[in-house]
Amino acid sequence: MKPVLRTGAGERHRFALLPLCALLASLPFATLAQEAALQPVTVKASKAAVQPAAVSEVPADQIEANRTRTSDTAHLLSGLPGVSLYGAGGVSSLPSVHGLADDRLRIQIDGMDLVSACGNHMNPPLSYIDPSRVGKIRLFAGVTPVSVGGDSIGATIQVESAAPEFAAPGQGKLLKGQAGTHYRSNGDGVGLNLSATYATEQMSLRYDGSTAKADDYKAGDVFKPAGAAATDKPTRWLPGDVVGSSSYKTTNHALAYALRNENHLVEMRLGLQDIPYQNYPNQRMDMTGNDSHQFNLRYQGNYAWGQLQARAYHEKTRHSMNYGEDKQYWYGPAGNVPGMPMDTEGKTTGLRVQAELPLSARDTLRVGSELQNYRLDDWWLPSGGGMAPNTFWNIRDGHRDRFDVYGEWEARWNPQWLSQIGLRSSHVRTNSGAVQGYNNSYDMDANAFNAKDRKRSDSNIDLTALARYTPNANASYEFGFAHKTRSPNLYERYTWSTGGMAMRMINLVGEGNGYVGNPDLKPETANTLSATADWHDATGERWGVKFTPYLTYVNNYIDAKRCGGGGGMSACTNANLTASNAFVYLRYLNQDARLHGFDLSGFTDLGKHGQWGQFTLSGVLSYVNGKNRTTGDHLYNILPLNARVALTQRLGAWTTSAELQVVDGKTRVNAERNELTTAGYGLVNLRASYEWKQVRLDFGIDNLFDRFYNHPQGGAYVGQGRTMAGTAVPWGVRVPGMGRSFNVGVTVKF
Ligand SMILES: [Cu+2]
């Protein structure tokens, strides 16, 4: 709950009339000017911004405990109802919520809508923030209000780094920080993180730095023959239980500077990422570099008429791929073609302004506007053999620009009823320049692509309506409808080559197949009905049960269909259309889909038990079913029925917990992609933490019984060998989950 501050005079309406850009440019100065003119502040009303019942937040102590287990921020979400993860590199899993993943979700890091700049989506938004820097994670999973959505058809995930801290009144200066380190036995994962804050009552400066690295992890059992990683790497021996290409190394730095007075806050964040390598067990390529610079400026001000929030950000990513330590590097009949360099450069610039106007005791209006410019170049330098003499331009001068305006009206009719209606209009323009292949064998595709008018302009409308009924202190019921739209990303629309090798390089889901884009793709539109019943004790702290059923119909769902009938170098052969136990080649296209399912979650305080302390039992059960209505096929990468139950004990400075995670076998698979089934499994994880005043110790054992399992969303194993070639890597091997790992972490606060 955030109190709404109001100044006495109410004279500053002129701020709302200034053009948005001029406003942003003048923010720091406006703040200073305001300082002198401020009236005494009184709190007039305390009114919650709408917190839909279907919003869930990861508890702070859980974020803290999980830092010892993972360097992948997406993993911090994994206990939330309805969330699962597509496997990828060690620090870049892709969250899936209610069966919709990746770009179908709106994922914001400190308010920035980052865009993955890679044909394998190796650098998704959550990979840009280290778990040690995460302060808050919120998930809007049901009907996502338009004020937090946009250009997405599923949930919104908001990850924020720690809010700026200021010295308390009279404290003078605040100087604090913390340092932490972790070790994970499986894969020898080690990491360090450090943060330091210097602040006065008006100013706050904070640095965060972290680095983490790990070797290949081990599965619970052998899943492929032991052997050399590749024929050109005879001395790099991979045992049968080692998951090739699962190692990584990453470094992140961030600097945050904030200024405030009673009613205004200006914050500037600078971020720097350097990933020298992150290997991929389910992609044919590895990340050999990801350098990113982020600049993020935010303003928040309370005025007589309401609250104003504005943000400007810029992010630049320079990403490279090639073959890492576990994949064959030398190609060609003479073994003299050195790998396959692939480079991307992505630039994202965004502006966002939102005003919240409490019109009356009953009504609140939120209006806002967003602007985003995205530029992408994706090129593959010639390396020799068939990959020469020219540079292959996969996407050249790609554009994806978006301009949104939205309004949201929220009304509290009486203590029992609340309603919220939102409308968002979004214009998305995409384009791609002329392309070329390595040589003239690519000319047929390239010429056809270049001859086409590639400029696309989508006018998208989002509409959400929800109502909440709170009959008493023990229950609330929320139900709503959302109509949401997402325009295709540049890889879905503009990748162009049907050459087998080029197609195998385009894969956003990690199942080893190859894809080609489709400039005629239309935006996908989801109509979702969702409800949440929330029963709890009057304090909300002793017990609670939440049940969320949902149903989504997606029109023009961007799926893929096998391609056939191609000639020349095309991989779209007629054999491709019928292959049932091989990697296949697909073209993106619009079809219709339906997803339905439910989340059930709950907790209960089991009370104090003498010398054993306090016990809490919590659990989550999730189910989702996804179907392609055009073909009758199942949607790809849907997590089967799954549950988690955890028993937590709190005794003095100790918190311990035992967690059981059960996942049903995956039998509903996507035939179009030759998706692999997986068997059901159960895992036990143990955790303990001990907190002194300034020191925190975390211990844990993940996968206590070293159970072998294939994660249903882990994808296909192409983590070693001759992965550039179509048939040289065996088809049908799944990427197994991690075997047992002993994890320890220490954090010292100063
Ligand atoms: Cu990449």
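Five aromatic residues, W380, F392, Y438, Y442 and W496, are linked into a cluster by ring pairs. This is a predicted model, and it holds 22 aromatic pairs. It also has a copper ion held by C118, H319 and M321, plus 1 disulfide. Here's a quick tour, topic by topic.

**Aromatic pairs**

- Let's start with F449 and Y494, whose rings meet edge-to-face, with 6.4 Å from centre to centre and 85° between the planes.
- That pair joins distant parts of the chain, as F449 belongs to helix α4 and Y494 to helix α5, 45 residues apart.
- Both of these rings are tucked away: F449 is buried at a relative accessible area of 5%, and Y494 is buried at 0%.
- Next come F547 and F598, with ring centres 5.9 Å apart and planes at 45°, so this pair is tilted.
- Since F547 is in strand β30 and F598 in strand β31, the pair ties together parts that lie 51 residues apart in sequence.
- Are F547 and F598 buried or exposed? The cut-off for buried is under 20% and for exposed over 50%, so F547 at 31% counts as partly exposed, and F598 at 24% is partly exposed too.

**Charges over rings**

- The charged end of R104 sits over the ring of Y557, 4.0 Å from the ring's centre.
- R284 does something along those lines with F583, lying over its face at 4.8 Å from the ring centre.

**The copper site**

- Which atoms hold the copper ion? They are SG of C118, NE2 of H319 and SD of M321, at 1.9 to 2.3 Å.
- Along the sequence, these donor residues follow the spacing C-x200-H-x1-M.
- C118 and H319 bring distant parts of the chain together: C118 is in the loop between β8 (112-113) and β9 (134-140), while H319 is in strand β19 (residues 306-322), 201 residues away.
- C118 counts as buried because its relative accessibility is 0%, and H319 is buried for that reason as well, with 0% of its own.

**Nonpolar cores**

- As a bit of background, nonpolar side chains in soluble globular proteins tend to be buried together.
- The largest nonpolar core here has 54 residues, and those with the most contacts inside it are M285, M340, W380, Y438, M501, M505 and M724.
- Elements giving two or more residues to this core include strands β13 (203-214) and β23 (363-380), along with helices α4 (443-451), α5 (490-494) and α6 (500-504).
- Strand β23 gives the largest share of this core, 4 residues.
- Apart from it lies another core, of 36 residues, with L80, V97, V554 and A593 among them.
- What does M724 touch, if you skip residues up to four places away in sequence? Its contacts are Y323, Y331, G339, M340, M387, M501, R504 and M505.
- Two names turn up twice here: W380 and Y438 are in the ring cluster, and they're also among the residues with the most contacts inside the largest core.

**The disulfide**

- C563 and C572 make the disulfide, with their sulfur atoms 2.1 Å apart.
- Is this disulfide left-handed or right-handed? The torsion about the S-S bond is about -70°, so it's left-handed.
- Both partners, C563 and C572, are buried.

How values were computed:
Residues are numbered from 1 along each chain as its sequence is written. This is a predicted model: local features need pLDDT of at least 70, side-chain atom pairs count only at pLDDT 80 or more; totals for chains, interfaces and linings use all residues. Side-chain values use heavy atoms; hydrogens and water are left out. Donors are N, O and S atoms within 2.8 Å of the metal (3.2 Å for Na, K and Ca); water is not among the atoms, so sites may look incomplete. Buried means under 20% relative accessible area, exposed over 50%, partly exposed in between (1.4 Å probe, protein chains only). A nonpolar core is a set of buried Ala, Val, Leu, Ile, Met, Phe, Trp, Tyr and Cys residues joined through side-chain atoms within 4.5 Å. Contact means heavy atoms within 4.5 Å. Rings of Phe, Tyr and Trp (its six-membered ring) pair if their centres lie within 6.5 Å; planes under 30 degrees apart count as stacked, over 60 as edge-to-face and the rest as tilted. A charge sits over a ring if NZ of Lys or CZ of Arg is within 6 Å of the ring centre and within 35 degrees of the ring normal. A disulfide is a pair of cysteine sulfur atoms within 2.5 Å.
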